[in-house]
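Open the model in your viewer and keep the selection panel at hand. The tour begins at the ligand and ends at a pair of side chains.

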Amino acid sequence: MAIEREHWKNRTSFILAAIGSAVGLGNVWRFPYVAYQSGGGAFLIPYFIALFTAGIPMLVLEMGLGQRLQKAAPEVFGSIRKGLEWFGWWALCLGGGIVVYYSTVLSWSWVYLWHSIKLSWANQEELFFMQEILQRSSGPGEIGAPIWYMVVGMFLTWLSIYLILRKGVRSVEKVIYVTVPLPMILLTILLIRGLTLPGAMDGIRYYLTPDFSMLRNPSIWLRAYGQIFFSLSLAFGVMIAYGSFLDRKSEITNSAFITGLANCGTSFFAGFAVFSMLGYLAKVQGLPLPEVTTSGTGLAFVTYPTAITMLPALNSVIGIVFFITLLTLGIDSAFSLQEAFTAGIRDKWGGSQEKLTLYFTIIAFFISLIFTTRGGFYWFDIVDKWICDFGLVTVGLGQCIIIGYIYNLRDFKDYLNHVSEIHLGAWWIVAIRYVTPVVLFTILIMNVRAEIIETYGGYPRWASVVGGWGVIVLSVILGYFLWRKPIKNNE
Ligand code: PHE
């Protein structure tokens, strides 16, 4: 298409947007828990090794491909070999799946933000979340109608995404100057509040006490790599699209290092905010710490609210701060996925950013309504599990193979070194060709094996076939359809 590609105003915008995408809910509700369970302070060793041997090399690769070829994922892969365009579409379709369920968490956050004013959940947090808010049905088979307040939350989420993406890079650039620093400031407020409570130090000690014997367990290493991939927003075409909005001479490697380190630093930091609060909660409830320690939705919508109820003062304020933190953390991750998708569409068929964004938002809004139903929670859980554990891992693996073995990797490395501040050595080649694919392949095999032995989450098999494998197959088909759909002769 002959449309002039938009570009970031400067490098700061690009780096902030990349950090905004990477730093998300995963940093707050997953990292601290994974670290605590996987050796505490000792987990930082595999985590940082994973960051340097796979995370940053893949970030460099994705950002660099986008920048060099000035295209989003489908055309990047399509220009390497024709048929591979399909692979790029597949990645984007999986990303589309993520944004649809990621928005669910944001919709709950809106609902909770409202309830923070009165602390409506007080003293019955679990019941409140599962029964009053989610009105959870007996299983995935019983879906029911969308629940109105979650639909409102969903609407606010998609409206925000639409308004932010409407003018493309131009409007994103304005928003990230707020949505990237703000959650950091809010996390600091939560941390200060947490640290000044009794029991906080016990919590932190729990979080960080190193258990080096854990490092002998290979599954801890795999967890570290798994955590890195999702956290850096890899394998869904996001960093490729963001890289494609850089102009041709832009620096890559140092920006990737900054993004990777900022993301992991935020995770580590968030752990202090979370565990100081958990330490307090354990103390006031007189429970051992492991009993109050959770991750995911349980942490954000049950455990943390419980701690908020028990605070000596300013409960509502801290509640509001917490849910605004979740919203600002999540929104830039969500819109980065959508932008990766629409950038792919625009590359191939042209069209105005505003219209494409509108269409995507409306379609995604309607699809996401499934998650606002009484059975929605189960489907949310299943889709999340499959896209991350099977989709992401397979795309990541494919990406390493395509770039490592089909693309001219050495020439690409020379190109990156030519434009970049930090020079890549042979380690980068080793990371892309050997370390990352071997690790991803192992994770994939282990995940498939685990699923064969026992269905995830105790759901009936049909539910994981429909919501899990079904979604993966659907994304493959949709990817195929987008690949084959001809380019119209416009203009
Ligand atoms: N990195 C985001 C997080 O940690 C999630 C995400 C994954 C965003 C993939 C975009 C793409 O929450």
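This is a predicted model. Select helix 1 (11–22), helix 2 (25–37), helix 11 (218–231) and helix 16 (315–349): each of them contributes at least two residues to the shell around the ligand.

Next, show the shell itself. It has 14 residues, and Ala22, Gly26, Tyr102, Phe230 and Ser231 are the ones that come nearest to the ligand. Colour the shell by residue class: six residues are nonpolar, eight are polar and none is charged.

Now display the cavities. The ligand occupies the largest cavity.

Which atoms of the protein should be picked for the polar contacts? Start with Ala22, where a polar backbone atom is 3.0 Å from a nitrogen atom of the ligand. Move to Ser231: a backbone N or O atom of this residue lies 3.1 Å from a ligand nitrogen. Then select Asn27, whose side chain places an N or O atom 3.4 Å from an oxygen atom of the ligand. Switch on the surface as well: the ligand taken alone exposes 320 Å², and the protein buries 100% of that.

Leave the ligand and turn to the salt bridges, of which the whole structure has 13. For one of them, select Glu251 and Arg11, whose side chains meet at 3.5 Å, N to O. Glu251 is in the loop between helix 12 (238–244) and helix 13 (253–285) while Arg11 is in helix 1, so this pair ties together parts that are 240 residues apart in sequence.

Technical notes
Residues numbered from 1 in each chain as written. Predicted model: local features only at pLDDT ≥ 70, side-chain atom pairs only at ≥ 80, totals over all residues. Heavy atoms only, no water. Near = heavy atom within 4 Å. Polar contact = N/O pair within 3.5 Å; in protein donor to acceptor, adjacent residues only side chain to side chain. Areas by Shrake-Rupley, 256 points an atom, 1.4 Å probe, with all protein chains shown as cover. 1 Å grid on protein atoms, 1.4 Å probe; cavity = no way out; pocket = protein on both sides within 12 Å on 5 of 7 lines; lining within 4 Å. Sits in = over half its atoms within 2 Å of the grid points. Helix = DSSP H or I, 4+ residues; strand = E, 2+ residues; numbered from the N terminus. Nonpolar A, V, L, I, M, F, W, Y, C, P; charged D, E, K, R; others polar. Salt bridge = Lys/Arg side-chain N within 4 Å of Asp/Glu carboxyl O.
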